[in-house]
Amino acid sequence: MSEPTTEAKPDIPEDLEKAIETALARLEAERKLEVAAAAKAAAAKAAVGRRVSIAALLLTMMLSFLGFVRAQSESAETDAKGIVQQSRNEAATEWTLYQTKTSQRSGFIEAEDVLAREVLSLAPSDPRRRLARFHHHEYEARVRALDEDNRQVFHRIQALESRAYAAQKNADHHDRRTKRYDMGIRTLTLALVLISVTLLVDRSYLFFFGLLVAAIGASFGVTGYFLR
Amino acid sequence: MIRLVLIAMVGLGVAVDVFFAVVNFYPVAPHPDPGPRRFVVMQLDAVQAAWFQTHVLDDFNAETNSNLEVLRVGEEEQLQAVTRDAATAGKDVVLTALPETQLRHAIETKLVRPFTDVVSPAQVATDFTELGDALLQPGIVDKTQYFLPRMTVNDVAAYRVSKVRDAVLHWSVLRPQIDAALAKINGHGLPAGYELGLTPRAWTSYDLFVMAYYWSHRGYGGQPARPRVAHRTGDEIDGQRDIVSALYRLGTTDATVASYGARPAIDLYQWEALYRDEGAYVPEMFGDEPYDDEAVIEGLRSGELFFAPIDTMEGFILHGGSHEGALAQVDDPADLEFTSMPHGASLALDATNHPARQRPSFSFLEDWVWALPAGARDANVGYQLVRFLWRPEIHARECEALGMLPLHPKVVAERVSRFRLDWMSHVFEAGLDQARHGERTPPELIAKGVGSVYAQLWNRIVVGKLGPIPESAIVEALRVPPVPKALAVVAAKDTAEPPPETKAPPDIAAPQAENEDWETDVVLERVAGKP
C-alpha cells in the first residue's frame, strides 16, 4: 500500500468523490444518531431509575408505617382476647362460688323442711318447739343472706359476661382490621416487586401496572383504618 | 401528561405515607357524628327501659355509631298513639314493638309500612334464616314480611310455695265442705279417689278450686281469711285473653270459639259462678274497673294473691334480681314459683264419678313484632337493630334480664347452660312447657270481637250473680251474646310517669317478723260447724 501524494493525485472521477463524501456524511450522521440514541436511552433509564426509586421509597415507607399500624391492631386484638379470657375465667370462678352457696342454701332448706315435719308431732307447749322456732329463724336468716350473696354474685357474673362480649366484639373488630391491613401489606409488596422489575426489564407498562397495584394496596390500608 | 400523572401519584403516595404515619399515633378511627336522636317505642317499665337503654341500645349505638333511645310507654294500648305523636312532634321513630292484636289497626291507619320497603325479601330471609319460618310467620301479612319478630308472651301460673305446702298439708280438713260445694252442681263432690295433686304442672281445675277454697277459709298471720286466687277480667285484652284461654282449657278450639253456647262455655261459666258463690275469687274481680295485669301483679306483690296467671316477664319483675336494677317486688322471692296453667276438667262427672271432660293445660301465645313506622326517616337503622337483637348473645341477654321467653333456636337449645339460676330456669321451663300447650291467639278474638263477647258474658253471668245451677240459666244467657266492642287504642299519656315503687332488698340482718304459720295449727274461718 503506497502513500498518496499531491503530486501523484490519482485521477478519481468526480462522481466517485461525491459518492464517498456522501457515504462519509451518512456514516457521520448515523454515528451522531447512535450517540444521540444512546444518550436518550441513558437518560430514559436514568428517569426510570428515578421513578422507581421514588416509588420504592414511598412504598417502603408505606409498608413500614402500615406494618406498625397492623402490629398495633394485632396487639389490641390480643389484649381484647386476653380480657375475654380473663372475664370468662372470672365468671367461671363466680359460678363456682354461686354453686357452693346454692349447695349451702339447699342444706338450710332441707333442715327447715325437717323442722317443719318434726314440729307437726310436737305439742304446742313442748319446749322443743321453741328450739325449733329458734332454728327456723336462724335458717331463714341464713337462706336470705345466701340469696343476697347469690344475687350479688349473679350480677357480677352478668357484668363479666357483658365485658367478655364487648371485648370479643372489640377483638373481632381488630381482627377484621388486621386482616385488611394484611391484604394492604401483601398488595403493596407485590406492587414494590412489579415496580422493581421495571429496572431489569425495559417495560414501562410494568411500572404503571405496579402503581395501579400500589394504589389498590394503599386503599386496603386506608379503608382498614376506617373499618367498623 | 405522563409527567402530570406521575407527579399526582407521588403527591398521593406522600399523602398516604403521612396518613399512615399519623395513624400510628391514633390507632382508633374517630367516630363520625352519629346524627340526630332516633327512637324505639316499647312497652316497658322505667327499670326495664333503663336496662334496655344501657345494655342493648347503648351497645348497638357504639357498634353502629347510631343514636337510638328508647321511648317507653306504660300500657300497650298507648303504643300506636305514642308512635304517631312522636312522629308528629318531629321525632324519628325507627321501630315500634306491637302486639299482634294491634297489627290490623296499625296497618289500616297507615301507621306502619312493611320492612320489605327498605330491605329485599331475599335479604330478610338471609338475615333471619337462623330463626326459622315459625318465628317469622307472625310478621307475614299478604305474603309480605311486613313485620319482624320481637317476642312471644304466654301466661303461666305463679303461686306461693309455702301456701301450696300448707294447702297440701291441711286441705283435707275442709274436704266435706268442698265436696258439699261441688255436689250442689255435679251431685257428687270431688271426683272419685281425688287427692290434691302434688305435681304443680299436673294440677287440674279441681286442684285449683280445692286450693282456692282452702285458702279462702284459712287465716294467715293472724289476719282474717280471704280469697287468694284471681284471674284478669274486664272487657279489655287482658281479661278477654284469660277468659277465652280458660275456655280453650275446657275444650274450645279455633273452630268453635265463636259458638257462644257450646259446652266448654257452659262448663267455664259454671266454674266461675261456683268460685264467686264460694267466695274463692278476690272481690275486686267483680268491680266496675277491669281487674287487669297491674291488679294481678299488685295482688301477688302484696301477698294478697297466692295463685294467679301472669306472663314470664311479669314473673321476672315480681321476683327481681334478674339484673342489678331489678329489685324484688315480693317480700320473699324464693317463695314465688311458676308452673303451667292447670289442666281443664268439667264440673260435671261421668258415670264413674270422674270429670266428664278433661283437657290439657292451655295458654295463648301472644306474638309481639317489630313494626317499621311509616314516617321513619332512617329505616335501615331500625332494621339493623332488629338484626342486632336477634344475635344469640343479645337475645339471651334480653331473656335473662327482662324475662322474655327464649325463642332463638340456639338459645333455646342452650338454655340450661345459659340460664343457670334456679328461679330463672323455673320461669322459663314453665313458659316453654306452657308454650308446648299453647296456640297463637285466634284472629277472631279481636277481629270479630269474640273476646269482647266472652268478657261481657262473664260480667253478665258472674258479676250478674247467675247461679251455676240450674245450667239452663247460663245457657239462656249465652244464647243472646252481647254486641262486641272494639279494643281501645288509648291516646298517648304522659309516658314519663315515676318509676314503680320498688321495695328495698330485705334486711338480711333482721329478717321480717315471722307469722309462724309454718308451725301453728290451721286457723279456719267461715266454715260451717266451726267458729
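Reader: What joins E12(B) to strand E13 (residues 438-440) of chain B, and in which sense do they run?

Author: 3 bridges join the two strands, and they run parallel. Pairing takes at least two bridges, so E12(B) and E13(B) qualify. One contact point can be named: Leu365(B) has Arg440(B) in E13(B) as its bridge partner. Keep in mind that this is a predicted model.

Reader: Why is strand E12 (residues 363-373) of chain B called mostly covered?

Author: Count its buried residues. A residue is buried if 20 or more other C-beta atoms lie within 10 Å of its own. In E12(B), 10 of the 11 residues are buried. Hence the phrase "mostly covered".

Reader: Which strands run antiparallel to E12(B), and how do you know that they pair?

Author: E3(B) is one of them, with 4 bridges. Strand E7 (residues 148-160) of chain B is another, with 6 bridges. Strand E4 (residues 112-113) of chain B has 2 bridges to E12(B). The threshold is at least two, so E4(B) still pairs with E12(B). Residues can be named too. Val369(B) is the bridge partner of Leu98(B) and also of Pro149(B). Val112(B) stands opposite Pro373(B).

Reader: Why is strand E1 (residues 38-43) of chain B called largely enclosed?

Author: 6 of its 6 residues are buried, so the rest of the structure largely encloses it. Both faces show this. Arg38(B), Val40(B) and Met42(B) point one way, while Phe39(B), Val41(B) and Gln43(B) point the other way, and all are buried.

Reader: What makes E1(B) a partner of strand E2 (residues 68-73) and strand E3 (residues 92-99) of chain B?

Author: Bridges again. E1(B) pairs with E2(B) over 6 bridges, in the parallel sense. With E3(B) it pairs over 4 bridges, also parallel. Val40(B) stands opposite Leu95(B) in E3(B) and opposite Val70(B) in E2(B).

Reader: Which element does the chain cross through from E1(B) to E2(B), and why is the crossover called right-handed?

Author: The path goes through helix H2 (residues 46-64) of chain B, and this β-α-β crossover is right-handed. The test is one of viewing: with the strands pointing away from the viewer, the path over the helix runs clockwise, so the crossover earns that name.

Reader: How do you know that the span of helix H11 (residues 263-277) of chain B agrees with the expected one?

Author: Its 15 residues at 1.5 Å a residue should span 21 Å, and the end C-alpha atoms are 21 Å apart, which agrees. Burial is a separate point: 13 of the 15 residues are buried, so H11(B) is largely enclosed by the rest of the structure. Gly279(B) follows the helix, with a positive phi near 65°.

Reader: What puts the buried residues of helix H18 (residues 422-436) of chain B on the same side?

Author: The buried residues are Trp423(B), Met424(B), Val427(B), Phe428(B), Ala430(B), Gly431(B) and Gln434(B). They cover an arc of only 155° around the axis, which puts them on the same side of H18(B).

Reader: How many residues of chain A and of chain B are in contact, and what makes a contact?

Author: 40 residues of chain A touch 31 residues of chain B. A contact needs C-beta atoms within 7 Å, so these residues meet that cut-off. On the chain A side, H2(A) gives the largest share, 18 residues. That side divides into 22 nonpolar, 8 polar and 10 charged residues.

Technical notes. Residues are numbered from 1 along each chain as its sequence is written. Chains are lettered from A and ligands numbered from 1 in the order in which they are written. This is a predicted model: local features need pLDDT of at least 70, side-chain atom pairs count only at pLDDT 80 or more; totals for chains, interfaces and linings use all residues. Two residues are in contact if their C-beta atoms, placed from the backbone, lie within 7 Å. Ala, Val, Leu, Ile, Met, Phe, Trp, Tyr, Cys and Pro count as nonpolar, Asp, Glu, Lys and Arg as charged, and the others, Gly among them, as polar. A residue is buried if 20 or more other C-beta atoms lie within 10 Å of its own, exposed if 12 or fewer, and partly exposed in between; C-beta atoms are placed from the backbone. The arc is that of the directions from the helix axis to the C-beta atoms. The expected span of a helix is 1.5 Å times one less than its number of residues.
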